[in-house]
Each structure stands twice: as structure tokens, then as C-alpha cells.
Amino acid sequence: MAERALSRSPVYSAQPTVRIDGRASDKVKALLNSMRLTESEGGMSSLELHLGNLARFEGNRVELAFEDESLIRFGAPLSIYAGDETAPQEIFRGLITGLEASFEAAAGPELLVLAEDALQRARLARRTKVHDNVSIDSLARELATLLNLRPVINGFSGRIGTQVQLNESDLAFLRRLLSAHDGDLQVVGEELHVAPRKDVRRGTLELALFSQLRRARVTVDLAHQVTEVTVTGWNALAGRRVSGRSSGANLGPGSGRRGQDILRQALGERSEHLGELPAMTDEEARAIATTAFDQRARRFVCVEGTTEGNPALRVGSHVTLQGLGRRYDNTYYVVRACHRYDLTHGYETDFEAECAFLGGP
């Protein structure tokens with residue numbers, strides 16, 4: 001697979017397209033100074049738009065551009081399309097939730113527009129509730145219905161017993177359960193996507209250093225690696241101890257030497273024991289151990305970099321990096337992405353990604 005061109009034209013405009021209430025605005029396009037869209041694991045994307053806030057009106061009047069709230073107003077639907085202006089791709093859809101006005105003599109008035117995706121409606125209201133013998137699938141569907149989103153759920157149909165939501169928002173509660181079961185949650189357009197981490201692949205792409213990949217920094221760290229995770233618990237109904245152990249099962253994309261093997265050779269065996277997590281059966285204890293091990297193992301090799309602005313580079317993407325050397329050329333899973341645009345640097349994408357494998361020396 002080769003690095004995919006971002007446009008059919010060698011020279012193209014990558015200014016983001018901003019749509020408010022479903023319509024693009026010439027005024028916003030003309031006054032857009034910068035954009036920053038940040039997304040990470042667990043959902044909840046946030047957007048910042050910096051707009052020049054001075055415009056010329058009829059009668060040659062120069063006034064603040066967005067004061068009448070006919071366009072920029074709280075609760076207005078806002079979407080961002082990025083990439084080649086002739087064929088932009090949607091990278092954000094949400095609602096305006098904040099405004100910040102700046103007045104400086106050198107720069108002139110500026111308006112900062114803040115927006116969040118659909119998950120913002122599920123993050124504040126806390127409640128306490130006992131969910132009897134539920135599945136993550138059913139909880140995710142309830143949340144999708146609450147947010148007027150279409151559920152796209154892969155797996156998690158099995159019952160996980162009685163779960164207590166104690167003074168938590170619906171979003172925090174579902175995130176906690178997904179973390180314990182190695183799952184992922186994202187809003188994509190009008191859909192709520194929930195899936196096991198091992199099944200998430202929101203596109204694949206290749207980046208070459210000093211081509212589309214402008215800079216990269218790789219960290220390989222044994223400090224938090226282990227060779228095994230053990231879990232114990234107590235089944236009060238059966239009156240017996242339960243236990244499980246794991247050395248990994250779902251390490252994600254990539255290939256090469258595993259962190260646990262390098263740790264064993266360099267420093268020896270290192271086991272982590274989890275005794276505070278509830279486990280009622282040996283099977284559940286093994287599942288908890290596997291999740292804990294995999295989450296550590298996948299952070300063995302971490303890369304953060306900057307590319308040419310690429311709307312396909314999203315959380316959950318599998319990105320193959322080339323030009324970093326044999327040890328670091330690999331396929332990584334993107335865990336954070338920040339799409340930036342300004343008048344100085346144009347459109348760029350920062351990302352953080354992780355891999356459980358180190359290549360050969």
C-alpha cells in the first residue's frame with residue numbers, strides 16, 4: 001500500500017468548510033482565522049473556531065460581524081468539512097455551546113466559537129440507578145435513543161450482570177463499562193458507534209516521513225509493561241474464590257517483538273495483580289485480566305506526529321508509518337487526533353497512536 005494522494009490536483013485549497021444550520025456561510029469563510037478539532041478515545045469531540053469579528057455593512061458602517069445572532073448563536077447545529085475544497089469530508093458535527101469575544105488593539109476583535117458533538121447532551125446529568133442483568137449493547141442503544149443517534153453496535157450482547165450507576169452521567173457510566181471490557185465509543189455523523197477495541201478500524205492509511213508525515217516522535221517504554229496479569233475475586237453466592245490470568249489476546253495492529261518478551265529478556269518476569277475489581281466467575285476474572293494486560297501492552301510503542309491535513313486520519317484509524325527506521329516502521333492505532341487550520345500553516349493534523357510491537361534491530 002502506498003501513501004494516498006490527498007487531492008487529484010498538486011495544488012489545492014484546504015480551507016475548512018463551515019456549515020451552520022446546514023448551510024455554508026460566505027461571511028464565516030471570509031472571516032475564518034483558525035480551526036481546531038480534537039477527538040480522542042471514548043468520544044466527545046470538541047471544536048474551536050477563531051473568527052475575525054469586524055465587517056463592513058450597508059452604508060459603509062464597520063461593526064462587529066456576528067452580534068445579531070442570526071448566524072452564530074447558542075445551540076445552532078454546526079458541521080466542519082475538511083480536505084480538498086472541491087471534495088471535502090465531514091470531520092465534525094455538533095452544536096455551538098460557547099462563545100468568547102477578544103478585543104486587542106493589534107489583532108482587532110475576534111470571536112471564538114466553541115462546539116461539542118452529540119455526546120455533550122449525556123455528560124452533565126448524573127443519576128444513581130441499578131441496572132439489573134444488563135448488556136452493554138442495551139445500554140448503548142438506550143444512550144443512542146436519548147441522543148437521537150442511530151446505534152451501530154458490534155458485539156457486547158452478552159449479559160454482564162447487575163451494574164450500579166452511582167452518581168454518574170450516562171456517558172461516564174457507559175465509558176466505564178466499555179473501558180472494563182476493552183470497548184470503544186465514538187459519534188460518527190448521526191451514528192453512535194460502539195465496538196470491541198479489537199474490531200475498530202475507521203479506515204487505513206499510509207504516511208511516509210518527510211512526505212505527508214511532516215514530523216514524528218516515537219517513545220518505547222518498558223516502565224508499565226508486564227509479562228502477566230492476575231485477577232482474583234469472591235463469588236458470594238457460591239462462597240468460593242475466583243481467579244484468572246492472562247498474557248494478552250487483543251494487542252491491536254502491527255507486528256514485531258512484543259513488549260512483554262523484551263521485558264522478560266531485559267529485566268525479568270513482572271506480574272501485575274488486580275484484587276480490587278469485582279469478578280464473580282473464573283471466566284470474568286480472565287476477561288478482566290486480558291483487558292488490563294492488553295491496555296498496557298498496546299502502549300508499549302507510542303508515536304505522536306504531524307501530517308498534512310488529512311480528514312481520513314481519525315481516532316480508530318490504522319496508520320502505517322514509513323521512513324522511521326526498521327524498529328519503528330509499523331502499523332499503529334490512532335488514539336487521538338487534532339485537525340488544525342490557520343492562515344500561517346494551512347491545514348495540518350496532529351495525532352497520537354500506539355502499537356504493541358517493536359520492529360527488528
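With which residue does Arg 296 form a salt bridge? In this predicted model, the partner of Arg 296 is Glu 272, and the closest N and O atoms of the pair are 2.8 Å apart. The bridge links distant parts of the chain, since Arg 296 belongs to helix α5 and Glu 272 to strand β20 (residues 271-274), with their positions 24 residues apart in sequence. The two partners fall into separate classes of accessibility: Arg 296 is partly exposed, with a relative accessible area of 23%, whereas Glu 272 is buried, because its value of 18% lies under the cut-off of 20%.

Helix α5 itself runs over residues 282-297. The helix has 16 residues and reaches 22 Å from its first C-alpha to its last, which is close to the 22 Å expected at 1.5 Å a residue. Buried positions in α5 are Ala 285, Ile 288, Ala 289, Thr 290, Thr 291, Ala 292, Phe 293, Asp 294 and Ala 297. The elements that cover these buried residues include the helices α3 (170-180) and α4 (259-266), together with the strands β17 (228-235), β18 (240-246), β20 and β24. Strand β20, which holds the salt-bridge partner of Arg 296, is thus also among the elements that cover the buried residues of α5.

One of the buried residues of the helix, Thr 290, can be described in further detail. Its relative accessible area is 16%, and the residue counts as buried because this value is under 20%. When residues up to four places away in sequence are not counted, Thr 290 touches Ser 246 and Ala 249.

Other salt bridges were examined alongside the one that involves α5. In total, the count comes to 26 salt bridges. One of them joins Arg 214 to Glu 348, with the closest N and O atoms 2.6 Å apart. Arg 214 lies in strand β16 (residues 213-220) and Glu 348 in strand β24 (residues 346-355), so this pair ties together parts that are 134 residues apart in sequence. Arg 214 is partly exposed, at 37% relative accessibility, while Glu 348 is buried, at 10%. The pair also belongs to a wider arrangement, in which Arg 214, Arg 340, Glu 348 and Asp 350 are linked in a network of salt bridges. A further bridge connects Arg 93 with Glu 90, where the closest N and O atoms are 2.9 Å apart. In that pair Arg 93 is partly exposed, with a relative accessible area of 35%, and Glu 90 likewise counts as partly exposed, at 24%.

Empty space in the model was considered next. The largest pocket holds about 1,000 Å³ of space. Its lining comprises 35 residues, of which Ala 180, His 181, Pro 278, Glu 284 and Ile 288 are the closest to the centre of the pocket. The elements that give two or more residues to this lining are β12 (163-169), α3 and α5, and α5 gives the most, with 9 residues. By class, the lining of the largest pocket divides into 15 nonpolar, 12 polar and 8 charged residues. Ile 288, a buried residue of α5, is therefore also one of the residues closest to the centre of the largest pocket.

The second largest pocket holds about 390 Å³ of space. Of the 20 residues that line this pocket, Glu 41, Gly 42, Gly 183, Arg 197 and Gln 295 are the closest to its centre. At least two residues of the lining are supplied by each of α3, β13 (183-188), β21 (301-308) and β24. The residues of this lining divide into 6 nonpolar, 4 polar and 10 charged.

In addition to the pockets, the count comes to 1 cavity of 30 Å³ or more. About 30 Å³ of space lies in this cavity, which is lined by Gln 225, Val 226, Leu 251, Arg 258, Gly 259, Gln 260, Phe 293, Ala 297 and Ala 356. The elements that give two or more residues to the cavity lining are α4 and α5, and by class the lining has 5 nonpolar, 3 polar and 1 charged residues. Phe 293 and Ala 297, which are among the buried residues of α5, both appear in the lining of the cavity. Helix α5 accordingly contributes to the lining of the largest pocket as well as to that of the largest cavity.

Terms used: Residues are numbered from 1 along each chain as its sequence is written. This is a predicted model: local features need pLDDT of at least 70, side-chain atom pairs count only at pLDDT 80 or more; totals for chains, interfaces and linings use all residues. Side-chain values use heavy atoms; hydrogens and water are left out. Helices (H or I, at least four residues) and strands (E, at least two) are DSSP runs, numbered from the N terminus. Buried means under 20% relative accessible area, exposed over 50%, partly exposed in between (1.4 Å probe, protein chains only). Contact means heavy atoms within 4.5 Å. A salt bridge is a side-chain nitrogen of Lys or Arg within 4 Å of a carboxyl oxygen of Asp or Glu. The expected span of a helix is 1.5 Å times one less than its number of residues. On a 1 Å grid over the protein atoms alone, a cavity is a set of points where a 1.4 Å probe fits but cannot get out, and a pocket is an open set with protein on both sides within 12 Å along at least five of seven lines; lining residues have an atom within 4 Å of a point. Grid points are joined across faces, edges and corners, and a volume is the space filled by probe spheres set on the points. Ala, Val, Leu, Ile, Met, Phe, Trp, Tyr, Cys and Pro count as nonpolar, Asp, Glu, Lys and Arg as charged, and the others, Gly among them, as polar.
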